[in-house]
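Here is a quick briefing for anyone opening this structure for the first time. Have a look at the chain, then read on for a tour, topic by topic.

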Amino acid sequence: MALRAAAHLPRLVVLGAVFLFAGATLTYGAAQRISADAAPKATAPATAPTVVVPDITGQAFVFAKGSLEDAGFAWHVAGSVHGYAVNRVVSQSPAAGTKLKDTGAPTVSVSLARTGYAETGEPEDVSPYIGTAVILASTPFTAQSKPVAQVPTVGTGAEKKPVATKPVATKPVAKKPVATPPAAKRPPAFTVPGAPKEPLDEITLTARARGLSDWLTAHPKPTNATVHHFLYQNAWIVTGARFGWSHGAEALQVLILADEKAMRLWGLGHKSELAARHALAEVEARSR
């Protein structure tokens with residue numbers, strides 16, 4: 001019996017070696033598959049969002065800055081002519097139609113020219129929020145863009161409100177399109193030589209004034225952003241009415257009530273109300 005076991009011993013050793021080798025091979029293969037499955041898959045780089053610079057050349061400054069803010073841009077005034085509402089944009093940089101990377105609020109530089117209207121109140125030479133770098137859409141990002149340092153100012157000649165020295169770098173929310181009546185329903189109250197025509201893709205002055213009053217009800221506490229919005233809407237209505245736009249006197253009457261509401265809610269708006277009353281007297285005199 002011992003001899004038979006000794007005779008089978010070499011065969012058992014060989015079989016054990018075969019099983020050991022096979023086990024090692026299977027373990028190596030499994031490890032290779034796990035390693036291959038765990039390897040990260042290459043993904044295509046995400047495309048950076050872009051924005052297109054709007055055409056504001058030739059517009060009254062009060063409307064030009066609104067167009068830039070609605071499109072998501074910051075702005076600043078360059079040159080010796082300051083940012084009064086009635087001044088006109090004569091050049092812009094980057095040019096209209098330029099495609100840029102959306103760095104947050106790319107800064108557009110504008111140059112202005114004086115018109116025949118008086119420069120009243122305080123000028124606005126920088127946007128109310130921090131601008132960001134201007135990077136052409138064809139240029140790859142090489143580093144994080146740094147904000148353009150700006151000092152926020154708020155004022156339209158009718159009102160000036162102190163603001164925080166460190167504005168919040170928030171991008172303005174684009175306006176939702178609003179249906180407007182046809183041109184035939186917007187006859188001018190009077191004609192002013194050289195004044196821009198009423199933009200028919202915007203709501204009427206009266207609707208804007210009523211909307212401001214409703215908006216004040218929903219914003220009972222003033223903030224840097226809400227004060228800027230309030231002053232901007234006041235400047236738009238007053239300037240449009242002085243340009244002879246349709247139903248300007250009616251819009252100013254509604255605006256005066258909105259300014260009085262701002263005084264009750266916020267404790268400010270007196271200067272805006274005075275400017276609206278002066279404009280109303282001017283518009284009524286020219287409409288006769």
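**The chain at a glance**

Start with how the chain folds back on itself: of its contacts with a separation of 6 or more, 75% are between residues 24 or more positions apart. Keep in mind that this is a predicted model. The protein chain has 6 helices and 5 strands, and along the sequence they follow the pattern α-β-α-β-β-β-β-α-α-α-α. Of the 288 residues in the protein chain, 38% are buried.

**How far to trust it**

- Mean pLDDT for the protein chain is 78, and 68% of its residues get to 70 or more.
- Residues 143-149 are one weak spot: pLDDT stays under 50 there, and the model gives this stretch 13 contacts beyond four places in sequence.
- Residues 151-169 also stay under 50 in pLDDT, with 52 contacts beyond four places in sequence in the model.
- Where pLDDT is low, the predicted coordinates shouldn't be read in detail.

**The sheet**

- In what order do the 3 strands of the open sheet line up? The order is 2-5-3, with mixed pairing.
- Strand 2 (74-78) and strand 3 (88-93) sit at the edges with a single partner strand each, so each has one side without a neighbour in the sheet.
- On average, neighbouring strands in this sheet are turned by 35° against each other, ignoring direction.
- Strand 2 and strand 5 (residues 107-113) run parallel and are joined by 5 bridges.
- Want to find that pairing on screen? Trp 75 has Val 108 in strand 5 as its bridge partner, and Val 77 is bridged to Val 110 of strand 5.
- Strand 3 and strand 5 run antiparallel, again with 5 bridges joining them. Here Ser 93 has Ser 109 of strand 5 as its bridge partner.
- Strand 5 is mostly covered, with 6 of its 7 residues buried.

**Helix 2, packed on the sheet**

- Helix 2 (residues 61-70) packs on the sheet and touches strand 2, strand 3 and strand 5. The direction of helix 2 makes about 145° with that of strand 2.
- Why call helix 2 largely enclosed by the rest of the structure? Because 8 of its 10 residues are buried.
- The buried residues of helix 2 are Phe 61, Val 62, Phe 63, Ala 64, Lys 65, Gly 66, Leu 68 and Glu 69.
- Those buried residues pack against strand 2, strand 3, strand 5 and helix 4, so the next helix on this tour is already part of the picture.
- After helix 2 comes Gly 72, which has a positive phi near 95°.

**Helix 4 and its neighbour, helix 6**

- Helix 4 (residues 224-242) has 19 residues, which at 1.5 Å a residue should span 27 Å; the end C-alpha atoms are indeed 27 Å apart, so the two agree.
- With 16 of its 19 residues buried, helix 4 is largely enclosed by the rest of the structure.
- Two packed helices are described by the angle and the distance between their axes.
- For helix 4 and helix 6 (residues 270-287), the axes come within 9 Å and cross at roughly 10°. The two helices are therefore roughly parallel to each other.
- Helix 4 makes this contact through Phe 230, Leu 231, Asn 234, Val 238, Ala 241 and Arg 242. On the helix 6 side, the contact involves Ser 272, Ala 276, Ala 279, Glu 282 and Val 283.
- Helix 4 is followed by Gly 244, with a positive phi near 90°.

**Backbone details to look up**

- Which two residues does a cis peptide bond join? They are Ser 93 and Pro 94, with omega at about 0°.
- Pro 94 lies in the loop between strand 3 and strand 4 (99-101).
- His 247 isn't a glycine, yet has a positive phi of about 55°.
- You'll find His 247 in the loop between helix 4 and helix 5 (248-266).
- Is His 247 buried, exposed or partly exposed? With a relative accessible area of 45%, His 247 counts as partly exposed.

Note on methods. Residues are numbered from 1 along each chain as its sequence is written. This is a predicted model: local features need pLDDT of at least 70, side-chain atom pairs count only at pLDDT 80 or more; totals for chains, interfaces and linings use all residues. Side-chain values use heavy atoms; hydrogens and water are left out. Two strands pair if DSSP finds at least two bridges between them. Helices (H or I, at least four residues) and strands (E, at least two) are DSSP runs, numbered from the N terminus. Axes are lines fitted to C-alpha atoms, for helices over the stretch in contact, and angles run from 0 to 180 degrees between N-to-C directions. Contact means heavy atoms within 4.5 Å. pLDDT is the predictor's confidence in each residue, from 0 to 100. The expected span of a helix is 1.5 Å times one less than its number of residues. Buried means under 20% relative accessible area, exposed over 50%, partly exposed in between (1.4 Å probe, protein chains only). Angles under 35 degrees count as roughly parallel, over 145 as roughly antiparallel, 65 to 115 as roughly perpendicular and the rest as oblique.
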